[in-house]
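Please read the following account alongside the sequence and the coordinates, moving from strand pairings to sheets, then to the ligand, and finally to two individual residues.

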Amino acid sequence: MMVETRTTFWQELRQRFGEACRLNEPLSRYTAYRVGGPADALVVPQTVEDLQWLVRYCQQQRVPYRVLGSGANVLVHDAGYRGVIILLRDCCGQIQQQGTQLYVGAGVLVQDLVPYCERHQLAGLHFMSGIPGTVGGALIMNAGAFDGEIGDRVIAVDALDAHGNRCRIPREAAKFGYRQAPGLQGLLLLGCWLQLEVGNSERLRQQRQSILQRRAEKQPLDYPSCGSVFKRPPGDFAGRLIERSGGKGMRVGGAMVSPKHANFILNVDQATASDIFELIVQVQQRVYQEAGVWLEPEVQFIGFSERELKKLKQP
Ligand SMILES: Cc1cc2nc3c(=O)[nH]c(=O)nc-3n(C[C@H](O)[C@H](O)[C@H](O)COP(=O)(O)OP(=O)(O)OC[C@H]3O[C@@H](n4cnc5c(N)ncnc54)[C@H](O)[C@@H]3O)c2cc1C
């Protein structure tokens, strides 16, 4: 059921955005896990001005909103999301280059950015090869692999604050850390300025191929997942701890801990979000009992109540 607010709110959205606003849109179509119930509305603004209008209107009417990148690191509740889900692919999809600096819109896919860098002989982002998602999602998560993180390359982040006003957050203020950027919380990211280096296209292409190959060898990419479910605990690896506690192959409904990489929980057979959530809880508890380490989820939960999320907090 939609958030209880005057029906005019939803009518106004439809009027302003037309086909770019879908009511009761199933989010399973927009998440890597292929699960998740409907959002009250899903809007794809065409311009930053439209986006600012939307943020201000939601604030004014007290309707929650949330940006979804490509849904590669989220678990959306089976009951969906009460509020407005925003996609930035149309209003924040540009890349602009000035020498070795790039401005990249938050809606740009990492899988398009890496080949762009290759074509334009720009080095510094190749560790991102094969990381699914948008630049906005990568910034919020400070996505990375092979000892690199996107935050290392950021000069500043372009964002909207909670009032819909545009602001520029310098890298230091973003406070990039391991799979987090606390200084960006509560902001809607529009893009970022990146500092890269001059590189060689052919060498960059080879690097990308070799990274993709390594990822395919290590990761179970045949089934829907969110990548690593848990963050790396200090001095150890979540996958190693899960494997040692006998977690590989554990199942709840259609969700299973990957036998290939224990930190991946896969949707192997029409899993529900509830199957995946329950399995995350069980794995976390098993590792705690066996190894005394409380694994912190990396995956972001959308539409879950505080009461449900409490199950994932350290007792
Ligand atoms: C097979 C697989 C492999 C993966 N491997 C890696 C890896 O090697 N390294 C790694 O770091 N991650 C990895 N991931 C996780 C995922 O790819 C990253 O976290 C990615 O950065 C998520 O981007 P996204 O656009 O899909 O964000 P989403 O999953 O859509 O969103 C993630 C969070 O960011 C918020 N958000 C997204 N965009 C914005 C914005 N513009 N403004 C404000 N908030 C925003 C969302 O609300 C949500 O809270 C993997 C995932 C999969 C499925």
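A convenient place to enter is residue Y65, which stands opposite V84 in strand β5. The model is a predicted one, and the pairing just named belongs to a contact between β3 and β5 that runs in the parallel sense over three bridges. As background, strands of a sheet pair through backbone hydrogen bonds, either parallel or antiparallel.

Strand β5, made of residues 81-86, is mostly covered, since five of its six residues are buried. Besides β3, strand β5 also meets β2 (residues 38-43), to which four bridges join it in a parallel arrangement; within this pairing, A39 has Y81 of β5 as its bridge partner. Strand β2 is itself largely enclosed by the rest of the structure, because six of its six residues are buried. Strand β2 also pairs with β1, residues 21-26, in the antiparallel sense over five bridges, and here E25 stands opposite A39. Residue A39 can thus be followed in both directions, with Y81 of β5 as its bridge partner and E25 as the residue opposite.

How is the chain divided into domains? The domain assignment gives domain 1 as residues 7-86, domain 2 as residues 95-217 and domain 3 as residues 220-312. Taken over C-alpha atoms, the centres of domain 2 and domain 3 lie 26 Å apart.

Turning to another sheet, one finds five strands in the order β6-β7-β13-β11-β12, forming an open sheet with antiparallel pairing. Its edge strands are β6 (95-98) and β12 (166-170), each of which pairs on one side only, and the twist from one strand to the next averages 20 degrees. At the β6 end of this order, four bridges join β6 to β7, residues 101-105, and the two strands run antiparallel; one of the pairs to look for is Q96, whose bridge partner in β7 is Y103.

A smaller set of strands comes later in the sequence, where β15, β16 and β17 form, in that order, an open sheet of three strands with antiparallel pairing. Here the edge strands are β15 (251-252) and β17 (265-267), each pairing on one side only. Helix α8, which spans residues 273-291, packs on this sheet and touches β15, β16 and β17, while its direction makes an angle of about 30 degrees with that of β16. Strand β16 itself, residues 255-257, is joined to β17 by three bridges in an antiparallel arrangement, and A255 stands opposite N267 of β17.

The ligand offers another way through the model. Which residues come nearest to the ligand? Of the 31 residues around it, these are G69, G133, G136, G137 and G227. Several elements contribute to this shell, with β3 (65-67), α4 (135-141), β9 (144-145) and β13 (188-195) each supplying at least two residues; among the contributors, α4 gives the most, with five residues. By residue class the shell divides into 18 nonpolar, 12 polar and one charged. Two of the strands met above therefore reappear in this setting, for β3 and β13 are both among the elements that supply at least two residues each.Two single residues close the tour. Is A162 buried or exposed? This residue, found in the loop between β11 (154-160) and β12, is exposed, because just 11 other C-beta atoms lie within 10 Å. Leaving aside its neighbours within four places in sequence, A162 is in contact with Q59 and G186. The C-alpha atoms of A162 and L187 are separated by 6.5 Å, although the two residues are 25 residues apart along the chain.

Residue A273, by contrast, lies in helix α8 and is buried, because 27 other C-beta atoms lie within 10 Å. When residues up to four places away in sequence are not counted, A273 touches V35, G36, L75, V76, H77 and D78. Another pair to inspect is A273 and R66, which are 207 residues apart along the chain and have their C-alpha atoms separated by 18 Å.

Key
Residues are numbered from 1 along each chain as its sequence is written. This is a predicted model: local features need pLDDT of at least 70, side-chain atom pairs count only at pLDDT 80 or more; totals for chains, interfaces and linings use all residues. Two strands pair if DSSP finds at least two bridges between them. Two residues are in contact if their C-beta atoms, placed from the backbone, lie within 7 Å. Axes are lines fitted to C-alpha atoms, for helices over the stretch in contact, and angles run from 0 to 180 degrees between N-to-C directions. Domain bounds come from an automatic or database domain assignment. A residue is near a molecule or strand if its C-beta atom, placed from the backbone, lies within 6 Å of it. Ala, Val, Leu, Ile, Met, Phe, Trp, Tyr, Cys and Pro count as nonpolar, Asp, Glu, Lys and Arg as charged, and the others, Gly among them, as polar. A residue is buried if 20 or more other C-beta atoms lie within 10 Å of its own, exposed if 12 or fewer, and partly exposed in between; C-beta atoms are placed from the backbone.
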